[in-house]
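Reader: I have the sequence and the coordinates open. Please take me through the core and the domains.

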Amino acid sequence: MTASTAATANGTTSSAGNAPAQADRTINFRIKRCDGPGKPSRWETFAVPVGRGANVISCLQQIAARPVTTEGTRTTPVVWDANCLEEVCGACTMVINGKVRQSCSALIDTIAPREGDTVSLEPMTKFPIIRDLWVDRARIFDNLKRVKAWVPIDGTYALGPGPRESADSQTTRYILSTCMTCGCCMEACPQFLIAENEHEWETAFIGAQAISQARLFNMHGTGKQLKGDRLDALMGPGGITDCGNAQNCVQVCPKEIPLTESIGVIGRAATVHAIASWFSGR
Amino acid sequence: MADTDGFLERHHFLLRRLHSLTGIAPISLFLMFHLTTNASIVWGRLAGHDGLTGADAAVGTFQHEVNFIHSMPMLLLIEIFGLWLPIGFHAVLGVAYALGGKNNTTQYAYQANRRYALQRLSGYFGFLFIFYHVATLRWGWTFLVPGGTQWTGEHAASTMAAAIRGSAEGFTAAGMIVAIFYMVGVSLLVFHLANGLWTSAITWGLTTTEQAQKRWGHVCTAIGAGLMLAAWSSVIGFATLDYDAARAVELGLQGAEHAPEPASEVMPGMAAKEIDETETGG
């Protein structure tokens, strides 16, 4: 996890801090700030000159270079998390104008097209805050461990090549595999609530992402060896049954992963698994 | 493991699925029969009953349906194990589960998310409504009925009309509130049923694709619309019933059929009182 301020932002934005070459208007950023875990939150507003092609990240870089609010008060640079800048890593996910999405792909021309428009930025609310717009998403990784979202290949001898995969299965699995662990589906979910303490993670609702990843790996030729373990985990507290079918997950997923279909598929697998387990006496 | 995990945790999946199952059967099935029966106060006009026509035929038909139900063997056992316990189980677990979510419809005003919120609201309200409905009409808690009307199986339509209007003569102010409470209550419960049928298909894994969910959605909408019509017909039918004419029809039927006796098994005190009243008054 990398926190990017202007000081640590990658080298492609050497002009950070200067207004873009063709800045043609000024917009306002209303940002929810927080100095650290347990600290109170406050709102600060910044005026940022923008030109064509600006996105939320480039504006945050300008704010970081000149952290002065619209009232003229000098403040600390706004901290946020970012990495790939092309919507494949999920690190820069935040709540923009009330909805969760990636800040790198939030283009200013789309979300604030007119002079003087205001963009509000808030950190995600379902993950513990580190500072400003930067949150700790470690729980998502923990959720993936809960459902063993991997292919078991470790052992004492060579396993040889894995089973061949059908074209059908490839098509279904490809879209599932584009998940970037960003947290949008969990942020928008009314059933997924913040759990500050790690010991709550094992029984808190796991969210659509891990359910969909369990489906992805249950379909894998070798990964399906752990199918039973994954379903057992998903049938416990905080698993598939805690889904409330609000279906916000599929609405906000930036990768358009059919999360509600995954929930249905895992629901079916859980039904079958429960009946089979009961009759096989496990 | 077993020491730390309580009963609810160990049987998490089973309890959740039983919660879903009780919603479908017996509760949904019962409600379909219940609303169809009650709506006979409207459709009974079309069918005619034993030489009766118009509103009289509706009263006769409804009385006939009620007599049939009261003639069922072991009615009290059917009520306890087929209705009260499943509804109580569904309601108590439902409230506990609903408290584990946090609505966010202002932020994410998607249609499915609104239905998620309304599903929980209709659950809370429906629980209250069903309790009032059963307590006043079945358990004889007449102190909760404006005008103190006691519903009886021998005067099914007329006492229902008086209970919902606040008096035998017509609407009182308090009766108006009861009638509105009924209208809102049945509407929310029909929504709860239709939407619950839709989500249960995802829960159990019947609808595993978006297209299937959409298709099943149309079916659930049709079921909901039909039941809504029956529910509104019932409430409006009883609220606008001619009390004296209904009473006359019921007394006439009792003369012809020698008053159904099985009802005394269910509500001994009440039935006896009502028969006395019939003999002295009629």
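Reader: Which residues does A:Leu234 touch, leaving out those up to four places away in sequence?

Author: This is a predicted model. A contact here requires C-beta atoms within 7 Å. Leaving out residues up to four places away in sequence, A:Leu234 touches A:Val147, A:Ile211, A:Ala214, A:Gly239, A:Ile240, A:Ile266 and A:Ala270.

Reader: Which element gives the most residues to the largest nonpolar core?

Author: The largest nonpolar core has 121 residues, and A:Cys185 and A:Leu234 have the most contacts inside it. With 12 residues, the element that gives the most to this core is helix α8 (residues 173–203) of chain B.

Reader: Where does this core lie with respect to domain 1 and domain 2 of chain A?

Author: The domain bounds of chain A are 3–134 for domain 1 and 137–280 for domain 2. Both domains give residues to the core, so the core lies between them.

Reader: Which strand gives the largest share of the side of domain 1 of chain A that touches domain 2 of chain A?

Author: The C-alpha centres of the two domains of chain A lie 32 Å apart. Their contact takes 14 residues from domain 1 and 16 residues from domain 2. On the domain 1 side, the largest share is four residues, and it comes from strand β6 (residues 99–102) of chain A.

Reader: How many residues on that side of domain 1 of chain A are nonpolar, polar and charged?

Author: The side in question is the one of domain 1 of chain A that touches domain 2 of chain A. Its residues divide into four charged, four polar and six nonpolar.

Note on methods
Residues are numbered from 1 along each chain as its sequence is written. Chains are lettered from A and ligands numbered from 1 in the order in which they are written. This is a predicted model: local features need pLDDT of at least 70, side-chain atom pairs count only at pLDDT 80 or more; totals for chains, interfaces and linings use all residues. A nonpolar core is a set of buried Ala, Val, Leu, Ile, Met, Phe, Trp, Tyr and Cys residues joined through C-beta atoms within 7 Å. A residue is buried if 20 or more other C-beta atoms lie within 10 Å of its own, exposed if 12 or fewer, and partly exposed in between; C-beta atoms are placed from the backbone. Helices (H or I, at least four residues) and strands (E, at least two) are DSSP runs, numbered from the N terminus. Domain bounds come from an automatic or database domain assignment. Two residues are in contact if their C-beta atoms, placed from the backbone, lie within 7 Å. Ala, Val, Leu, Ile, Met, Phe, Trp, Tyr, Cys and Pro count as nonpolar, Asp, Glu, Lys and Arg as charged, and the others, Gly among them, as polar.
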